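Here are some exercises on reading a protein chain, each with a worked solution. Look over the sequence and the structure before you begin.

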Amino acid sequence: MQTNIRPDQMTKEMMIKFVDYLQQHSFGEGARGFFQRFKKVIKYAIDQDILLKNPCTGVPCVVDDTALKKNVLSLEEIAQLANTPYQNTDIRRTFLFCLYAGLRYCDVVDLKYSNVDYANKTIRFDQNKTTGHSTHSIVTIPLSNTLLRLIGERPEKDGPIFTLPSHTGCLKALRIWVARAGIEKHITWHCARHSFAVNLLGECHTDIKTVASLLGHSGLKHTEKYTRAVDSLKEKAVNALPELAV
């Protein structure tokens, strides 16, 4: 099997096959993200006269932005995970918080007790992903009794609510915990946010505008992919029923 490819061997046909491979196998940031980074490498190679012609020209990497590609945890699986002990209580507490509040890792890691309004049972924070770019970057989330227990009482001195290792460390711990719970899904930290939205729309029958507001979306476009995921889960559930000889 050939492991090294010379620059002059890189053709448009090869790039088409490469994109097809990415679309079938990529997780996380997705095929388009990987291909965009790859094209930057190609551009650098052209600037350095390593390549004479860009093999990526005219090769599209079309991604359905309305499709939800990450796995989600059902309410039953969340309960299953919550009932499974894990030695790092900070990671366990934080991920359960994200499952019930829909927060990203980059937001939950910056939360402080000063973000919490204990009297009105709310938490208010500025989303790192959209701060300075959207009028909806500041989000206020009502705190259920479960979320308040996960936060704990306010200490005398303000500080982080959750103490976490690096994102990579959290992912490694999460894989171990999920496997220990007997859940056979590829679960990343961001799956908590997706699970929160899908469960609100599907299991709790929450209207889409409310879910969009809780997620800090500026419109319904980004929230609609969750309604499609709910429809897909419903179809899968119905098809899972045993056949009848009628």
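The exercises below concern a predicted model and move from the whole chain to one helix and one residue.

**Exercise 1.** Describe the order of helices and strands along the chain.

*Solution.* Begin with the count, which is 10 helices and 3 strands. Then read along the sequence, where the pattern is α-α-α-α-α-β-β-β-α-α-α-α-α. To complete the picture, note that the chain has 246 residues, of which 36% count as buried.

**Exercise 2.** Work out how the buried and exposed residues are arranged around helix H9.

*Solution.* First list the buried residues of helix H9, which spans residues 208-215: these are Val 211, Ala 212, Leu 214 and Leu 215. They cover an arc of only 165° around the axis, and therefore they lie on the same side of H9. Next turn to the other side of H9, where Lys 209 and Ser 213 are exposed. Finally look at what borders the helix: at its start, a side-chain oxygen of Asp 207 comes to within 3.3 Å of the backbone nitrogen of Lys 209, and after H9 comes Gly 216, with a positive phi near 80°.

**Exercise 3.** Decide whether Tyr 86 is buried or exposed, and find which residues it contacts beyond its neighbours within four places in sequence.

*Solution.* Start by placing Tyr 86 in the loop between helix H3 (75-82) and helix H4 (89-101). Its relative accessibility is 9%, so Tyr 86 counts as buried, the cut-off being under 20%. Then, with those sequence neighbours set aside, Tyr 86 is in contact with Arg 92, Ala 173, Ile 176, Trp 177 and Arg 180. As a last step, take Ile 176, which is 90 residues from Tyr 86 in sequence, while their C-alpha atoms are 8.8 Å apart in space.

Key. Residues are numbered from 1 along each chain as its sequence is written. This is a predicted model: local features need pLDDT of at least 70, side-chain atom pairs count only at pLDDT 80 or more; totals for chains, interfaces and linings use all residues. Side-chain values use heavy atoms; hydrogens and water are left out. Helices (H or I, at least four residues) and strands (E, at least two) are DSSP runs, numbered from the N terminus. Buried means under 20% relative accessible area, exposed over 50%, partly exposed in between (1.4 Å probe, protein chains only). Contact means heavy atoms within 4.5 Å. The arc is that of the directions from the helix axis to the C-beta atoms. A polar contact is a pair of N or O atoms within 3.5 Å; within protein, one must be able to donate a hydrogen and the other to accept it, and residues adjacent in sequence count only if both atoms are side-chain atoms.
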